[in-house]
Amino acid sequence: EDGASAAENTPPRVPQGERSSVFSSAGQFFFEYLVVVSLKKKPDGHYEPKITYQFPKRENLLRGQKEEEERLLQAIPLFCFPDGNNWAPTTEFTSETFSFVLTNVDGSRKIGYCRRLLPSGRGVRLPEVFCIISCLGCFGLFSKILDEVEKRRQISMAVIYPFMQGLRESPFPAPGKTVTIKSFIPESGTELIELTRPVDAHLEHVEFQALLQRLSPQLILHIFASAMLERRLIFLAEELSVLSQCIHAVAALLYPFTWAHTYIPVVPECLLDTVCCPTPFMVGIQKRHLEQVLEQPMEEALMVDLCEGKIIRQVGDEEEILPRKLQNEVLMSLSRHNNNNNEHTSEQVNALVSEAFVHFFVRLVGHYPSHIKWGRGGSGSFQERAFCKAIVSKSCRRLVKKFVKTNMFSLFIEEAEKSRIPQEGKV
């Protein structure tokens, strides 16, 4: 139950200008914890994930903080091994990287960056997960840190500690800046590790390539339309890395709006009944659980198979939600990317894809600042009827009338009403 409530994602209401840096302001710690989750055999022969190492140890916590921390530490093993207890010792295992998101009672988010690997040694052994808990959203940067952790794990656990200590003492870099960490490795000497943060803060937790490689541009638009209207979305894949990358990418398509409902990139097996939720959700489920999921008494949902690049279940109106003209503009941008034969870097792809969807929102609702009426006290009041009426195209107006009722639009407008510096034509 702790895991379920922890994974319910209700983001804090952050002013628009700050939203992209909500978990990434310079000067913060890189991470809160590094934990190692190992599989321990139970009397019935099954394995159970348990935290076997934690850095740093936390003492001197107040009672409320202790309870919050215990809840967090109870949930972590569940999300590091969401695929249940079907494990057996092995001699070969390809390491994988994935992430999950936990939400605290106060609405603040923590992200778990995970590397599942087979410790070095001989004979059969069980994989373990190194999980870095941070409130900073920056997948590429933490993947690089996990590369360093994995490299050190193959030597000895003792070599990981000074590296993480050095990282913890370094300030988190501002967008576009680099931090250099010195690290000593026996037999290799002192290494300098450079960690650079992407310039565009809102794209640093995203890999759109993962989505574009698996789904057609048309299908991506169907998913985007469902997410925009805050429906229920289920993604299926076997690999945890594919699920977490693709779900983060779908949520990022909504920028500058923020998905404000249940959001679990990889649902642990014991929480599969999440799909029965009557409220909106965006969840990832391992394909091996498909039959179990289909047996659940679910409400209407869009179900996407990321392995086969197809829709398994749909509401049925996905093709008609978005106005044809705007849809074609986005399709052209996505198809242009698909035809470039991978000449673009991952950062360029992120920028191009994000730009296409931001442009879509600008065309659709970019006129919102001129429909905020400002009172003498400086507080704004959004004129919804006049805003919708100002849209000439019937298909655009039809979509906007639904969109203004969503949680993400309401949160966005709430912040705009407080900002007092409206900028025409900008979302």
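Before anything else I fixed my terms: a residue is buried under 20% relative accessible area, exposed over 50%, and partly exposed in between (1.4 Å probe, protein chains only). Helices (H or I, at least four residues) and strands (E, at least two) are DSSP runs, numbered from the N terminus.

**Ground rules.** I'm working on a predicted model, where local features need pLDDT of at least 70, side-chain atom pairs count only at pLDDT 80 or more, and totals for chains, interfaces and linings use all residues. Residues are numbered from 1 along each chain as its sequence is written, and side-chain values use heavy atoms, with hydrogens and water left out.

**Confidence.** I checked pLDDT, the predictor's confidence in each residue, from 0 to 100. The protein chain averages 82, with 86% of its residues at 70 or more. Among the elements, strand β8 (residues 232-237) has the highest mean, 94, and helix α2 (residues 16-19) the lowest, 31. Residues 1-27 stay under 50, and there the model has 69 contacts beyond four places in sequence (contact: heavy atoms within 4.5 Å).

**Helix α7.** I looked up burial in α7 and found 11 of its 12 residues buried, so the rest of the structure largely encloses this helix. Among the buried ones I noted P217, H222, F224 and M228. I also tested its length: at 1.5 Å a residue, residues 217-228 should span 16 Å, and the end C-alpha atoms are indeed 16 Å apart. The expected span is 1.5 Å times one less than the number of residues. Just after α7, E230 has a positive phi of about 55°.

**The five-stranded sheet.** I traced an open sheet in the order β2-β1-β5-β4-β3, with antiparallel pairing (two strands pair if DSSP finds at least two bridges between them). β2 (47-55) and β3 (96-103) are the edge strands with a single partner each, so one side of each has no neighbour in the sheet. Neighbouring strands are turned by 25° against each other on average, direction ignored. For angles, axes are lines fitted to C-alpha atoms, for helices over the stretch in contact, and values run from 0 to 180 degrees between N-to-C directions.

I then picked out β1 (residues 33-41) and β5 (residues 128-134), which pair in the antiparallel sense over 5 bridges; V37 has V129 in β5 as its bridge partner. Helix α5 (residues 160-168) packs on the sheet, touching β1, β2 and β5, at about 60° to β2. Helix α4 (residues 139-153) lies across β3, β4 (109-117) and β5, at about 40° to β4.

**Salt bridges.** I used a side-chain nitrogen of Lys or Arg within 4 Å of a carboxyl oxygen of Asp or Glu, and the structure holds 19 of these.

- E191 and K151 meet at 3.4 Å, N to O. E191 is in strand β7 (residues 189-196) and K151 in α4, so the pair ties parts 40 residues apart in sequence. E191 is partly exposed at 22%, as is K151 at 38%. Both belong to a salt-bridge network with E148 and R152.
- D305 pairs with K287, closest N and O atoms 2.6 Å apart. D305 is in strand β11 (residues 302-305) and K287 in the loop between β10 (281-286) and α9 (290-294), 18 residues apart. D305 is buried at 2%; K287 is partly exposed at 24%.
- E415 and K418 meet at 3.9 Å, N to O. They sit 3 residues apart in helix α15 (residues 407-419), about one helical turn. E415 is buried at 6%, whereas K418 is exposed at 58%.
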